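User: I would like to go through the terms used for this structure and see what each one rests on.

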Amino acid sequence: MPFCRLIPCLDVDAGRVVKGVRFRDLRDMGDPVELAARYSAQGADELVFLDVTATLEARRALLDVVGDIADRIGIPLTVGGALRTLDDAQAFLLAGADKVAINTAAVEHPALITQLAERYGAQAVVVAIDAAGGQVRTHAGTRATGMSAPDWARTAVACGAGELLLTSIDADGTQNGYDLALTESVAAAVDVPVIASGGAGTPAHVAAALEVTQAALVASLVHTREDGVRWLRDELRAQGVTLRDV
Amino acid sequence: MSVAVVDYGAGNVRSLLAALRRIGLEATLTREPRDVDAADHLILPGVGSAASAMRTLRETGVDAALRTRFARGAPVLGICLGMQLAVDGTEEDGGVECLGLVRGRAERLRDRRVPRMGWARVDPGGDAFYFAHSYGVVSPATVATSEGLAAMVRKDAFWGTQFHPEKSGAAGERFLRECLSAA
């Protein structure tokens, strides 16, 4: 694609946007619907909404939040985190998500990727991969799988994944920059779009990731400023990154 | 003005309904042939895969209603897969015969990364719109392109867009307003 994609990520816990460091020490960042609407208005290219809560009651409330976001934004919305079954995915897609992201469930049941792609099209199926030291981890980063990230990426795509969301646990929330070596290894292994995630601390970090894979997730970097997305877009364009006109 | 959106029973149509609401139109979801025929404007959205979508259209009788509607010159907007369903056939799902309202075929994209996912300029006009597709239409009815691919087709009162106006921000809302007021 001619334009790079800048994708703010909302990690949502108990109805609030939170952000941690290496998947821990979560801090409150605001209301998900308000943040989503603001980012859309400021020129985000897509949004990712990750449910990091575990309880069932909170899950049902999240369907309403996803619907409220879909009503307010005019850009694509990916929803993920704790999606386990075809029915979970269907519920989020009907609530207003354009794509669903599956992670642990995809590793445990790769057939779920295929079933989702057959029913909704590959463009709606994102496989989220969390990696530490180049190895895939599941259950919010707590369990090792013994698979290398590029190997699992190839398998996921063969099963029908239309896009990969690759998060470096080592880099996540550190603001020290994306794990470019990990990103390169996965982007080279597959022929679907790959979104780099984890570690953005400066516009230069984001620009470097966009050189590798043309799509980058950002969180802390835009959550901490009122004009976060607009500011980051301007900074990136000043550094020569090709973004659409808003 | 009444706007009906064809309901395949799978995937996200809420963002389309929300985008229509933002430009002041309250649309109804339907899979009833008589609603498909009677609405002032009809939208065939872009969700699911070609084989399952065509199966739903046939099982509900919406395919015949769409042909009747098209033949009498009533407006239809097909979005993404909805545009690909309007041509003669697609390579998707091992080959699927489509509605044949517009001459052409949908073929697998040959880009470095497929699905082709993200924002791209559409000409004429020059605005950027959001695309998410693995197949592209090759048709003599092409009226706008994006990176050499068909971005829009038009035949009589049928408008098809490969991009998703409902996910294309302000440019998408402008397009929907123009398209639906032309009806």
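Analyst: Two residues are in contact if their C-beta atoms, placed from the backbone, lie within 7 Å. In this predicted model, 32 residues of chain B are in contact with 30 residues of chain A. Strand β8(B) gives the most to the side of chain B that touches chain A, namely six residues. By class, that side of chain B has 12 nonpolar, 12 polar and eight charged residues.

User: Why is R72(B) called exposed?

Analyst: A residue is exposed if 12 or fewer other C-beta atoms lie within 10 Å of its own. R72(B) has 9, so R72(B) is exposed. Its place is in the loop between α4 (62-71) and β4 (76-79) of chain B. A157(B) is 85 residues away from R72(B) in sequence but 9.1 Å away in space, C-alpha to C-alpha.

User: What makes C80(B) count as buried?

Analyst: The cut-off for buried is 20 or more C-beta neighbours. C80(B) has 26 inside 10 Å, so C80(B) counts as buried. This residue is found in the loop between β4 and α5 (81-84) of chain B. Its phi is near 55°, a positive value in a residue other than glycine.

User: And why does A14(A) count as partly exposed?

Analyst: Partly exposed is the class between 12 or fewer neighbours and 20 or more. A14(A) has 15 C-beta neighbours inside 10 Å and therefore counts as partly exposed. A14(A) lies in the loop between β1 (5-13) and β2 (16-21) of chain A. Phi of A14(A) is positive as well, about 50°, although A14(A) is not a glycine.

User: How do you know that α7(A) and α8(A) are roughly parallel to each other?

Analyst: Angles under 35 degrees count as roughly parallel. Helix α7 (residues 180-189) and helix α8 (residues 203-213) of chain A pack at an angle of about 20°, with their axes 9 Å apart. The two helices are therefore roughly parallel. Their contact is made by L180(A), T183(A), E184(A) and A187(A) of α7(A) and A208(A), A209(A), V212(A) and T213(A) of α8(A). These residues divide into five nonpolar, two polar and one charged. The crossing is right-handed.

User: Which peptide bonds to P115(B) and P124(B) are cis, and at what omega?

Analyst: The bond from V114(B) to P115(B) is cis, with omega near 5°. A cis peptide bond also joins D123(B) and P124(B), where omega is about 0°. P115(B) lies in the loop between β7 (105-108) and β8 of chain B, and P124(B) in the loop between β8 and β9 of chain B.

Note on methods
Residues numbered from 1 in each chain as written. Chains lettered and ligands numbered in written order. Predicted model: local features only at pLDDT ≥ 70, side-chain atom pairs only at ≥ 80, totals over all residues. Helix = DSSP H or I, 4+ residues; strand = E, 2+ residues; numbered from the N terminus. Nonpolar A, V, L, I, M, F, W, Y, C, P; charged D, E, K, R; others polar. Axes fitted to C-alpha atoms, helices over the stretch in contact; angles between N-to-C directions. Parallel < 35°, antiparallel > 145°, perpendicular 65-115°, else oblique. Left-handed = near helix turned anticlockwise from the far one by under 90°.
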